[in-house]
Amino acid sequence: MADRALQILQNVFGYDEFRSYQQAIIHNVLNHNDTLAVMPTGGGKSVCYQIPALIFPGLTLVISPLISLMEDQVSQLKALGVQAALLNSTLTRAEYQNTLSMISSGTIKLLYMAPETLMLDRTRDLLTSLRVDCLTIDEAHCISEWGHDFRPEYRQLAEVRKTFPEAVCIALTATATPRVQQDIKNILMIAGPNEFIASFDRTNLFLQVSEKKNPVAQTLGLIDRFKNRSGIIYCNSRKQVDELTQILNENGCSVASYHAGLSNEIRKANQAAFIRDDIQVIVATIAFGMGINKSNVRFVLHYDMPQNIESYYQQIGRAGRDGLSAHCQFLFSYGDIQKVKFFISQKVASEQRVANLHLNALIGFAETEMCRRVPLLHYFGEKYSAEKCNLCDNCLSEDRPLIDVTVPAQKFLSCMYRTGQMFGSAHVIDILRGSKSKKVIEKRHDQLSTYGIGSELSKSQWIQLSRSLIQKGLIVQDQEFGSLKLTHVARSVLKGEQQVEIRLAEKRDIPEKASANKQSDLDYNRELFEHLRACRKSLADRENVPPYVVFSDKALVEMSAYFPQSQESLLQINGVGSVKLDRYGDAFLQVITDFCQAHQIAEIVRHSPTSTTLNSPRTTGERANRAKPRHVVVGEKFCQGQSLEAIQSEFNLKFNTLLSHLHKYQMEEGRLPKSDAFLLKSKLSPELLKRVVQAFRENGAERLRPVFKVFQEAVSYDELHLIRLHYLVHHGA
Ligand code: ADP
Ligand code: ZN
């Protein structure tokens, strides 16, 4: 079964290998162990239940809270040639009947529905007559009152488990808190060791916090840097959203807005335009994002303060779901903190404490001089163990020199001491800088020995210093009043027993190249990428699906890096499986071939999908020097009597890539032996086999699609691939 899972990952989904945890989770489910899977957004939760669903003989039910999420999943599955459907109240009678008959006949492998639908008597009646092998609970945190998105309907899922005692249950969520995890396990009765918790580190996100100096210019800079790439900008108020949208519009950016104050239609239209790449940027309040599966969001900008670390994490999580690098920038200002503090002060006392804790954790994240992943992951109970991530502003600016600030630090601390540790930093700085402010005069702080001794630093440098002293644990800030207190560390600094070093200089801007993730991003041809993007857009519009459903950005990046010019090489691209190859392959190959001819670029051959090193594109001159084409080598091995498995593992090929090589060899050389190897691999009944062979005879064997249609998509492409080869070697063409 393990082989089967990998085969499906490669042939249906078009991926080379499992990501961490996917394989273990799938095995656990296939072994009928109830499972909890906790993975961050974009971690790849879907295949964890979709692959078992394709292996189990019966039906897999998928429970999800949002229609938009389900619709998106179903359309992605359909694009992969997988039979999936959505059952909900908005279906017309005819659609409903049609779905029912496909379910009853066993054509549908995955059936999505909201918990409400599952509770309906007619749904229960329908399902009890069927074999349900797996019950998938997506967004499982909705079951817990401790989660951020509790849904009472989810509670009843505990009951549903009893209705399908034979079905294995898999619960998936991206919410990390242990409390919620425990709740899910208790309610769904998932036993002890069957939980898989992946790291919450999103290793393709670049994290940057910048001082909010000229936010409009900073925003325009970011949009310009990510020309034609999708981005989300979060603001804290509807008014701010409207204002910023207008300014960006006036500056020629392709933007639309999203907030709860807009009419339903406008919101829907703007969201759809964003998802379909009709507009580049969406400016939104936090109302935007739930149920958005768009995989090619390249940047998220926090124009204002996020609510807390958890929502910040959730919002930046909408970037880079395709695994390519994405940029997250947070414009941080002390003015914004004051606003948040004001809102907090309006709350009742018990809420104020929690809100202050959240705010302080967020400020700590923004002000840290350590790798930003340390405080971020710490918040989720994870220890970041690498020394540097090299994907955050702090890690990249560590070459800023350390400055010894022991003397100004002593001045600051002693001024705090002399004023009784009763004031915040603003007042202490006023004293140090010799201000004649009303408060200074009234309190007679101009009489202190520390008055006016701090002119060597600017006001903002003093603020930065005081923040660093908090970071370093020399002083603590009273949560309620904001006054600063000395700690025992401060005392040893005051006594001259300890030095203080900080990086005072302004942070440089991060050069664009530095923030690209070396691991996940290839060096690719931008011009070709744009051509492929246009091709993808027109196909997507024709089929009325979002572009990322056709191919992810990652697939296009790989195409623009390797220049595949045959079906076999196209299959090597991430996310290209048999169905997508058949559906879209020709269109993309045409674009690539035209481009390569015009620019004298040759394909770059990948020997093993995982161990590729890329150089700059080679020109056709070098092509002649290369060894025999892969399909010839593979074909010859087969002619020499090697088994399909042996060849597959020797060259590290996906199974359908192997078949494509053999097909090409047969078409060019026409001399594969009359072997039964292909039929032995087929799982069809002898009766169906005969009919498929007949269909090739009648429809020709050049393309698989016509035959796929003859059998109303019920015979998989993998099978068709096999049988076509059998047909060609035995009956010739
Ligand atoms: P989640 O539901 O956890 O947010 P998804 O299941 O939507 O994540 O997967 C995120 C992205 O990663 C999708 O584009 C998906 O196709 C891709 N993906 C999943 N598994 C793999 C894999 N093994 N190799 C390459 N890409 C993968
Ligand atoms: Zn870092």
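**A tour of the zinc site, a strand trio and the empty spaces**

Start with the zinc ion (ligand 2): its site is tetrahedral, with angles of 102 to 120° among its 4 donor atoms. Four donors count as tetrahedral if all angles lie between 85 and 135 degrees. This is a predicted model, in which local features need pLDDT of at least 70, side-chain atom pairs count only at pLDDT 80 or more, and totals for chains, interfaces and linings use all residues. Residues are numbered from 1 along each chain as its sequence is written, chains are lettered from A and ligands numbered from 1 in the order in which they are written, and side-chain values use heavy atoms, with hydrogens and water left out.

**The zinc ligands**

Select Cys371, Cys389, Cys392 and Cys395; the SG atom of each coordinates the zinc ion (ligand 2), at 2.3 to 2.4 Å. Donors here are N, O and S atoms within 2.8 Å of the metal (3.2 Å for Na, K and Ca), and sites may look incomplete because water is not among the atoms. Along the chain the donors of the zinc ion (ligand 2) have the spacing C-x17-C-x2-C-x2-C. Cysteine 392 counts as buried because its relative accessibility is 0%; cysteine 395 is also buried, at 3%. Buried means under 20% relative accessible area (1.4 Å probe, protein chains only).

**Strand β11 and its neighbours**

Next, select residues 281-284, which form strand β11. Strands are DSSP runs of E with at least two residues, helices are runs of H or I with at least four, and both are numbered from the N terminus. In a regular strand the side chains alternate between the two faces of the sheet. In β11, Val281 and Val283 point one way, Ile282 and Ala284 point the other way, and all are buried.

Add β9 (residues 230-234), which pairs with β11 in the parallel sense over 4 bridges. Two strands pair if DSSP finds at least two bridges between them. Here isoleucine 233 has valine 283 of β11 as its bridge partner. Then add β10 (residues 255-258), also parallel to β11 over 4 bridges, where alanine 256 stands opposite isoleucine 282.

**Cavities**

Now turn to enclosed space. A cavity is a set of points, on a 1 Å grid over the protein atoms alone, where a 1.4 Å probe fits but cannot get out; lining residues have an atom within 4 Å of a point. Volume is the space filled by probe spheres set on the points, which are joined across faces, edges and corners. There are 2 cavities of 30 Å³ or more.

The largest cavity holds about 50 Å³. To see its lining, select Phe200, Asp201, Arg202, Leu205, Leu207, Tyr313, Ile316, Arg373, Leu376 and Leu377. Two or more of these residues come from each of β8 (205-211), α14 (309-316) and α17 (373-379), and α17 gives the most, 3 residues.

The second largest cavity holds about 40 Å³. Its lining includes Tyr234, Cys235, Asn236, His302 and Gln315.

**An open pocket**

Finish at the second largest pocket, with a volume of about 1,400 Å³. A pocket is an open set with protein on both sides within 12 Å along at least five of seven lines. Which residues are the closest to its centre? Of the 42 that line the second largest pocket, they are Ile67, Ser68, Glu71, Asp72 and Leu86. Helix α4 (67-79) is among the elements that each supply at least two lining residues, with β3 (84-87), α5 (93-104) and α13 (264-275). The largest share, 7 residues, comes from α4.

Terms used: Tetrahedral: all angles 85-135°; square planar, octahedral: opposite > 155°, others 65-115°. Buried < 20%, exposed > 50% of the residue type's maximum accessible area, 1.4 Å probe, protein only.
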